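Reader: Please take me through one part of this model in close-up, with the pairing spelled out. I'd like to start in the middle of the fold and work outwards from there.

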Amino acid sequence: MINMILLGPPGAGKGTQAELLVDRYHLPHISTGDIFRAAVKEGSPLGQKAKAFLDAGKLVPDDIVVGIVKERLNQPDCQEGFILDGFPRTIPQAEMLDSYLTEVGRQITAVINIEVDFEVLIRRLTGRRVCRNCHAVYHIANKPAKNPGICDHCGGEIYQRDDDTEETVRKRLEVYQEQTEPLIDYYRKCGKLKTFNGEEPIQTVFDQICFALEEQKG
Ligand code: AP5
Ligand code: MG
């Protein structure tokens with residue numbers, strides 16, 4: 001059973017690695033960022049609440065995020081494992097996740113921490129493009145789509161996220177340092193943390209993550 005968290009600053013490659021991990025392990029990919037962006041696009045009550053936080057590069061309040069994740073983890077497709085991407089992002093979120101999982105007799109099996117230098121992250125995020133339909137991740141220089149503007153996987157429209165401007169990216173990195181980085185210690189203390197150099201090529205990072213997961217399975 002793989003119950004995994006992908007941890008790392010904005011642009012570390014959480015979404016990119018999740019795409020590859022889903023192909024290999026056939027687990028549901030739960031990205032809280034994708035859930036909020038879909039809600040904003042729909043204009044649902046959740047989207048209306050979340051929009052201002054996303055636009056400002058700030059975190060959506062813990063109780064809102066935790067409620068959504070618990071509901072998602074209760075779905076039948078998550079009973080054989082899951083990949084959490086971008087959640088938890090604060091110590092209270094991690095504590096609430098732990099107590100929920102304990103309640104239902106489950107636990108996190110691996111926390112994959114991806115590290116990348118901040119200047120590299122700024123270049124990555126300002127050049128990132130995403131499929132509006134399937135959320136596949138591209139980069140104008142490192143990983144361009146075969147046909148400009150069209151997703152290789154589903155033919156969907158490729159766009160630039162509103163929060164990928166340099167100003168908002170810097171704010172997101174600040175928020176990461178203040179509120180999310182403490183989770184590295186939190187999970188290190190539980191003995192679940194595995195750290196990877198996210199500046200290696202995408203495939204190398206993926207191979208190293210898979211190696212660590214296989215090693216753990218024994
Ligand atoms: P979210 O969508 O989670 O954004 P994020 O954490 O800022 O992370 P990103 O999606 O920007 O980066 P990533 O690590 O997925 O990198 P990617 O693979 O795309 O959250 C957005 C917002 O939602 C938050 O700001 C907040 O408002 C809200 N939110 C979400 N979760 C929340 C929570 N739990 N609590 C409260 N609020 C929450 O890669 C980036 C680029 O780099 C791509 O172009 C890619 O092609 C390229 N790349 C990837 N890997 C490599 C590599 N190895 N080498 C070269 N290029 C690479
Ligand atoms: Mg992402």
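Author: Let's start with N113 in β4, whose bridge partner in β8 is T195. That bridge is one of five through which β4 and β8 pair in the parallel sense. Two strands count as paired if DSSP finds at least two bridges between them, and the elements themselves are DSSP runs numbered from the N terminus: helices are H or I of at least four residues, strands E of at least two.

Before going on, a word on the ground rules: this is a predicted model, where local features need pLDDT of at least 70 and side-chain atom pairs count only at pLDDT 80 or more, while totals for chains, interfaces and linings use all residues. Residues are numbered from 1 along each chain as its sequence is written, chains are lettered from A and ligands numbered from 1 in the order in which they are written, and side-chain values use heavy atoms, with hydrogens and water left out.

Back to β4 (residues 110–115). Five of its six residues are buried (under 20% relative accessible area, with a 1.4 Å probe and protein chains only), so the strand is largely enclosed by the rest of the structure. β4 also pairs with β1, again in the parallel sense, over four bridges; there, L6 has I112 in β4 as its bridge partner.

Follow β1 (residues 2–7) and you get to β3 (residues 81–85), which runs parallel to it and is joined by five bridges. I5 stands opposite L84 in β3. Put together, five strands make an open sheet with parallel pairing, in the order β2-β3-β1-β4-β8. β2 (29–31) and β8 (193–197) are the edge strands, each pairing on one side only. From one strand to the next the twist averages 20°, taken between lines fitted to C-alpha atoms, on a scale from 0 to 180 degrees between N-to-C directions.

Now for the other strands. β5 (residues 128–131) is joined to β6 by three bridges, and these two run antiparallel. V130 has V137 in β6 as its bridge partner, and V130 also stands opposite Y159 in β7. The link from β5 to β7 (residues 158–159) is antiparallel too, with two bridges. β5 and β6 form a hairpin with five residues between them, and H135 in the turn has a positive phi of about 70°.

β6 (137–139) takes us to ligand 1: along with α1 (14–25), α2 (32–42), α3 (45–56) and α6 (118–126), it supplies at least two residues of the ligand's shell. α2 gives the largest share, four residues. In total 36 residues surround ligand 1, with T16, K58, R89, R128 and R172 the closest; to count, a residue needs a heavy atom within 4 Å.

As for polar contacts (N or O pairs within 3.5 Å), a backbone N or O atom of K14 lies 2.9 Å from an oxygen atom of the ligand, and a nitrogen atom of ligand 1 sits 3.2 Å from a side-chain N or O atom of N142. Taken alone the ligand exposes 1000 Å², and the protein buries 96% of that; those areas use the Shrake-Rupley method with a 1.4 Å probe.

One last stop: R89, among the closest residues to the ligand, is 93 residues from P182 in sequence but 9.1 Å from it in space, C-alpha to C-alpha. P182 is found in helix α8 (residues 182–189).

Terms used: A polar contact is a pair of N or O atoms within 3.5 Å; within protein, one must be able to donate a hydrogen and the other to accept it, and residues adjacent in sequence count only if both atoms are side-chain atoms. Buried means under 20% relative accessible area, exposed over 50%, partly exposed in between (1.4 Å probe, protein chains only).
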